[in-house]
Amino acid sequence: MQFELLITKYISNIFIADLKYTFGMADKRKEFLKKSDFLNAGSCEKEPEAWVEKAVEHMEMHYDLITSVPPKNVKLTPDDDLIYDRFIAEFPDFKLDLLDKEHLRTEESKMKWREFTEGFGELVRDSKLGTLIRIDSSGGYTEDNTLIVLRLQFLAIEIARNKHGLNDGLKRKNDL
């Protein structure tokens, strides 16, 4: 139980720090949650702890998956190939190994990702839900190596990382 509280606090701190950076003021958090579908505001506004719990569960499941089986064999969705092909076509120069937080936060980048996300409509469940992603693909989920992105961004980036072998090092580390 103590570990769960620590993880919840840790994820909450990442979430709040990310919102402070993005919006400049912590008091805008509630307003953001009400207006934005970034975190599927309907559920997060009423129960932010539920989002944190879901994010932690997703994070743990993803990390366990890529460290226990060869990541190239991992299918995150039934539509991995479609997501990957469209991602590579629309973001051909995207740096997968080390995400650029500042670039992801630019208006141009947000607009491009918004268009990418809308193109998948109902195909990907919770595509606009906030999800945790590792900034550096060679590292695990730590406070300094974690960023909040849309679920579809997470899927596109992690599917590409798997296909390009960028998550293979984590599996090898886990095997030692």
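The following questions and answers introduce a predicted model of a protein chain.

Student: In what order do the helices and strands run from the N terminus on?
Tutor: The chain holds 9 helices and 2 strands. Read from the N terminus on, these elements follow the order α-α-α-α-α-α-α-β-β-α-α.

Student: What percentage of the residues in the chain is buried?
Tutor: A residue counts as buried when its relative accessible area is under 20%. The chain has 176 residues, and the buried share of them is 43%.

Student: What percentage of the accessible surface belongs to carbon and sulfur atoms?
Tutor: The accessible surface of the chain comes to about 10200 Å². The part of this surface that belongs to carbon and sulfur atoms is 53%.

Student: Among contacts between residues at least 6 apart in sequence, what percentage joins residues at least 24 apart?
Tutor: Contact here means heavy atoms within 4.5 Å. Among contacts in the chain between residues at least 6 apart in sequence, the share that joins residues at least 24 apart is 70%.

Student: How far does helix α7 reach from its first C-alpha to its last?
Tutor: Helix α7 covers residues 107–118, which is 12 residues. At 1.5 Å a residue, a span of 16 Å is expected, and the helix comes close to this value. From its first C-alpha to its last, α7 reaches 16 Å.

Student: Why do the buried residues of α7 lie on the same side of the helix, and over what arc?
Tutor: The buried residues in α7 are S109, W113, F116 and T117. Their directions around the axis put them on the same side of α7, because they cover an arc of only 95°.

Student: Which residues are exposed on the other side of α7?
Tutor: An exposed residue has a relative accessible area over 50%. On the other side of α7, the residues that are exposed are E107 and E108.

Student: Which elements are included in what covers the buried residues of α7?
Tutor: The residues to be covered are S109, W113, F116 and T117. Their cover includes three helices and one strand, namely α5 (80–90), α6 (101–104), α8 (151–163) and β2 (146–150).

Student: Is S109 buried or exposed, and which backbone oxygen does its side chain reach?
Tutor: S109 lies in helix α7, and it counts as buried because its relative accessibility is 4%. Leaving aside neighbours within four places in sequence, S109 is in contact with H103 and L104. At 3.4 Å, its side chain reaches the backbone oxygen of H103.

Student: What kind of aromatic pair do Y63 and Y141 form?
Tutor: The structure holds 11 aromatic pairs. For Y63 and Y141, the ring centres are 6.2 Å apart and the planes stand at 75°, so the pair is edge-to-face.

Student: How many residues apart are Y63 and Y141?
Tutor: Y63 belongs to helix α4 (residues 48–68), whereas Y141 belongs to the loop between β1 (130–134) and β2. Their pair therefore links distant parts of the chain, with a separation of 78 residues.

Student: Is Y141 buried or exposed?
Tutor: Its partner Y63 counts as partly exposed, because its relative accessibility is 28%. The relative accessibility of Y141 is 14%, so Y141 counts as buried.

Student: Which residues form one aromatic cluster with F91 and F94?
Tutor: F91 and F94 form an edge-to-face pair, with 6.2 Å centre to centre and 85° between the planes. Both residues are buried. The other members of their aromatic cluster are F87, W113, F116 and F120.

Student: How many residues of α8 are buried?
Tutor: Helix α8 reaches 18 Å from its first C-alpha to its last, close to the 18 Å expected. The helix is mostly covered, and its buried residues include R151, F154, E158 and N162. The number buried is 12 of 13.

Student: Which residues does L96 touch, not counting those up to four places away in sequence?
Tutor: L96 has its place in the loop between α5 and α6, and it is buried because its relative accessible area is 9%. Not counting residues up to four places away in sequence, L96 touches F87, S137, I157, A160, R161, H164 and L166.

Student: What distance separates the C-alpha atoms of K95 and I157?
Tutor: K95 lies in the loop between α5 and α6 and counts as partly exposed, because its relative accessibility is 47%. K95 and I157 are 62 residues apart along the chain, and their C-alpha atoms are separated by 9.3 Å.

Methods: Residues are numbered from 1 along each chain as its sequence is written. This is a predicted model: local features need pLDDT of at least 70, side-chain atom pairs count only at pLDDT 80 or more; totals for chains, interfaces and linings use all residues. Side-chain values use heavy atoms; hydrogens and water are left out. Helices (H or I, at least four residues) and strands (E, at least two) are DSSP runs, numbered from the N terminus. The expected span of a helix is 1.5 Å times one less than its number of residues. Buried means under 20% relative accessible area, exposed over 50%, partly exposed in between (1.4 Å probe, protein chains only). The arc is that of the directions from the helix axis to the C-beta atoms. Accessible areas come from the Shrake-Rupley method with a 1.4 Å probe; for residues, only the protein chains shown count as cover. A polar contact is a pair of N or O atoms within 3.5 Å; within protein, one must be able to donate a hydrogen and the other to accept it, and residues adjacent in sequence count only if both atoms are side-chain atoms. Rings of Phe, Tyr and Trp (its six-membered ring) pair if their centres lie within 6.5 Å; planes under 30 degrees apart count as stacked, over 60 as edge-to-face and the rest as tilted.
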